[in-house]
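Q: Some labels for helix packing and enclosed space deserve a check. Can we test a few against their definitions?

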Amino acid sequence: MSQFATLDWVVIGAYFVLLLGIAVWVMTRKTDTTEDYFLAGRNVGWFVIGASIFASNIGSEHVVGLAGAGAGGKIPMLIYELHAWLVVTMGWVFLPFYIRSGIFTTPEFLEKRFNAQTRWFLSIFSLLAYVLTKVSVTVYAGGIVISSLLHIDFWFGALLTVVLTGAYTVIGGMRAVVYTEAMQTVVLVLGAATLTIVGLNAVGGWSGMKASLEPGYLNMWRPASDPDFPWPSLVITSTIVGTWYWCTDQYIIQRGLAAKNITIGRRGAIFGGFLKLTPVFLFLIPGVVALALKNRGELQWDSADQAFATLLMEKTPVGLRGLVAAGLLAALMSSLASVFNSCSTLFTVDIYKKLRPDAPEKQLLGVGRYATAVVVILGILWIPIMQNISGVLYEYLQSVQSYIAPPITAVFLLGIFSKRINSKGAMATLISGLGVALLRLVLELSRDSLTPGSLLHSFGAMNFLTFAAWFFLFSVLVCVTVSLLTPPPAPESITGLTYGTMTDQQKADNRTSYSIWDVVMSVVVVGIVVFVMISFRG
């Protein structure tokens with residue numbers, strides 16, 4: 001495989017200099033309160049919010065994995081990259097409630113809507129899930145990408161990115177994260193677009209690419225009987241997971257909460273929706289191009305996950321190669337910064353502040369920085385563990401969101417759209433959901449030792465997309481049933497927290513918080529999503 005030339009290293013070096021400059025500038029700004037540190041003073045513009053939402057979502061393992069899906073015949077998975085409409089939904093449906101209630105975290109919203117127990121549950125659950133999955137997977141996958149791309153030792157690459165990212169996140173907080181992410185988004189998009197254009201040019205354009213693939217390869221819609229990607233389950237489950245991730249997860253929502261007001265937050269979400277349309281073309285298509293070139297004997301790679309790096313090193317000119325590599329580094333560092341900051345916020349606001357309600361702002365700032373540093377250290381300590389985990393379990397860690405999402409999505413959706421849902425229904429859903437998710441994960445890992453055809457084997461072996469769809473229905477039924485069998489919440493306790501309890505003033509403020517252009521741009525995003533779904537039929 002080709003090596004980086006001097007010009008490539010110059011481009012990569014320029015990326016780090018630019019990153020350092022922005023980080024230093026942000027860190028010189030005054031940070032006196034928790035609102036400054038965790039939400040950048042709630043004074044971030046729509047462009048930075050949208051870019052930060054996008055950069056938080058795209059990690060280096062995401063880039064390589066999506067290209068691998070394109071090269072490995074998993075085109076139906078691109079539906080997860082068409083969730084731009086859910087990013088827009090977050091801005092229109094969920095974010096107004098979050099911003100109006102003045103929360104720092106989404107678990108805090110559950111406390112306002114239901115009770116303290118639901119907040120404790122989601123806070124601790126989210127924190128553990130982030131450390132065990134998001135941090136470890138991002139660090140591990142990033143170390144692999146950097147070591148293979150830059151030809152440096154795995155440990156050195158992983159430690160370098162963790163320490164650099166951790167440093168500006170610990171010192172600068174949310175403001176450092178969102179402003180560096182805005183720059184990293186530009187680098188990421190430019191780098192990935194460069195590879196897509198170079199790749200399509202090498203394969204003879206879109207028609208040349210399709211001609212080098214087997215007929216129907218680009219069809220994302222499989223029959224309902226397909227064992228891997230039945231289309232009804234794929235549509236339902238991807239929407240459930242997408243609603244959880246884009247509309248309720250602290251990792252994403254924290255960016256919207258940094259907005260000055262609902263108007264700016266919504267516009268940030270709309271801009272984030274436009275950016276979310278790009279991964280299909282920027283990351284999946286390079287994988288498909290690499291496969292087409294391999295079919296023509298012009299590229300060689302063993303694993304589909306090597307498609308992105310092989311196309312980069314063999315077909316991209318000197319200098320541009322460095323730009324794409326910088327984009328990958330940007331993807332890794334932006335995701336790491338986001339998860340570090342989200343973990344710090346959850347621990348400080350939802351756990352420490354609950355235990356020490358009278359703690360002064362200065363003390364909370366210190367705890368926030370220490371918490372970030374601890375998460376950084378945990379990320380490093382998890383690297384050797386991730387190295388020793390079997391490939392099968394690693395895949396389960398990647399797909400575990402399908403088991404996490406259904407009960408949380410059910411509680412948030414029903415909580416916002418129905419004033420009858422109460423805290424007992426919400427808590428029953430979250431607890432039973434955790435039990436079902438753990439049972440499914442244990443049975444899935446041990447299904448080979450179970451009797452084929454038995455109830456336990458069927459439960460563990462059911463297609464994960466189909467399972468998640470039924471799991472969501474189960475969660476909705478639990479939430480509704482328990483709520484109806486117990487007293488309704490007091491009307492005064494949920495005023496303004498559901499659509500049915502909004503005051504006349506809140507409704508009026510909501511109507512004046514958007515313009516016709518916000519509506520038009522949102523419709524354009526949805527229209528493009530529908531167009532892409534129709535286009536990928538073979």
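**Labels put to the test**

A: Take the crossing of α5 and α10, which is right-handed. The model is a predicted one.

Q: What makes α5 oblique to α10?
A: The angle. Helix α5 (residues 84-100) and helix α10 (residues 231-247) pack at about 50°, with their axes 9 Å apart. Roughly parallel requires an angle under 35 degrees, and roughly perpendicular runs from 65 to 115. The value of about 50° fits neither range, so α5 is oblique to α10.

Q: Which residues of α5 and α10 meet?
A: From α5 come Trp 85, Leu 86, Val 87, Met 90, Phe 94 and Tyr 98. From α10 come Thr 239, Gly 242, Thr 243, Trp 246 and Cys 247. By class, this contact has eight nonpolar, three polar and no charged residues.

Q: Why are α13 and α14 called roughly perpendicular?
A: The axes of helix α13 (residues 279-295) and helix α14 (residues 307-315) cross at roughly 70°. They come within 9 Å. The class covers 65 to 115 degrees. Roughly 70° falls inside, so α13 and α14 are roughly perpendicular to each other.

Q: What is the hand of the crossing where α13 passes α14?
A: Left-handed.

Q: Which residues make the contact of α13 with α14?
A: Pro 286, Gly 287, Val 289, Ala 290 and Leu 293 in α13 meet Ala 307, Phe 308, Leu 311 and Lys 315 in α14. The classes are seven nonpolar, one polar and one charged. Gly counts as polar and Lys as charged, so Gly 287 is the polar residue and Lys 315 the charged one.

Q: What makes α11 and α15 roughly perpendicular?
A: Again, the angle. Helix α11 (residues 250-257) and helix α15 (residues 320-355) have axes that cross at roughly 85° and come within 9 Å. That angle lies in the 65 to 115 range, so the label holds.

Q: How many polar residues does the contact of α11 with α15 have?
A: Seven, along with three nonpolar and one charged. Gln 250, Tyr 251, Gln 254 and Arg 255 in α11 meet α15 residues including Ser 335, Asn 341 and Thr 345. Arg counts as charged, so Arg 255 is the charged residue here.

Q: How many cavities of 30 Å³ or more does a search of the whole structure find?
A: Two. The largest cavity holds about 60 Å³ of space.

Q: What lines the largest cavity, by class?
A: Nine nonpolar residues, one polar and no charged. Among the lining residues are Phe 121, Tyr 403, Pro 407, Gly 433 and Ala 437. Gly counts as polar, so Gly 433 is the polar one. α7 (116-150), α18 (401-417) and α19 (423-445) each supply at least two lining residues.

Terms used:
Residues are numbered from 1 along each chain as its sequence is written. This is a predicted model: local features need pLDDT of at least 70, side-chain atom pairs count only at pLDDT 80 or more; totals for chains, interfaces and linings use all residues. Side-chain values use heavy atoms; hydrogens and water are left out. On a 1 Å grid over the protein atoms alone, a cavity is a set of points where a 1.4 Å probe fits but cannot get out, and a pocket is an open set with protein on both sides within 12 Å along at least five of seven lines; lining residues have an atom within 4 Å of a point. Grid points are joined across faces, edges and corners, and a volume is the space filled by probe spheres set on the points. Helices (H or I, at least four residues) and strands (E, at least two) are DSSP runs, numbered from the N terminus. Axes are lines fitted to C-alpha atoms, for helices over the stretch in contact, and angles run from 0 to 180 degrees between N-to-C directions. Angles under 35 degrees count as roughly parallel, over 145 as roughly antiparallel, 65 to 115 as roughly perpendicular and the rest as oblique. A crossing is left-handed if the near helix is turned anticlockwise from the far one by less than a right angle, and right-handed if clockwise. Contact means heavy atoms within 4.5 Å.
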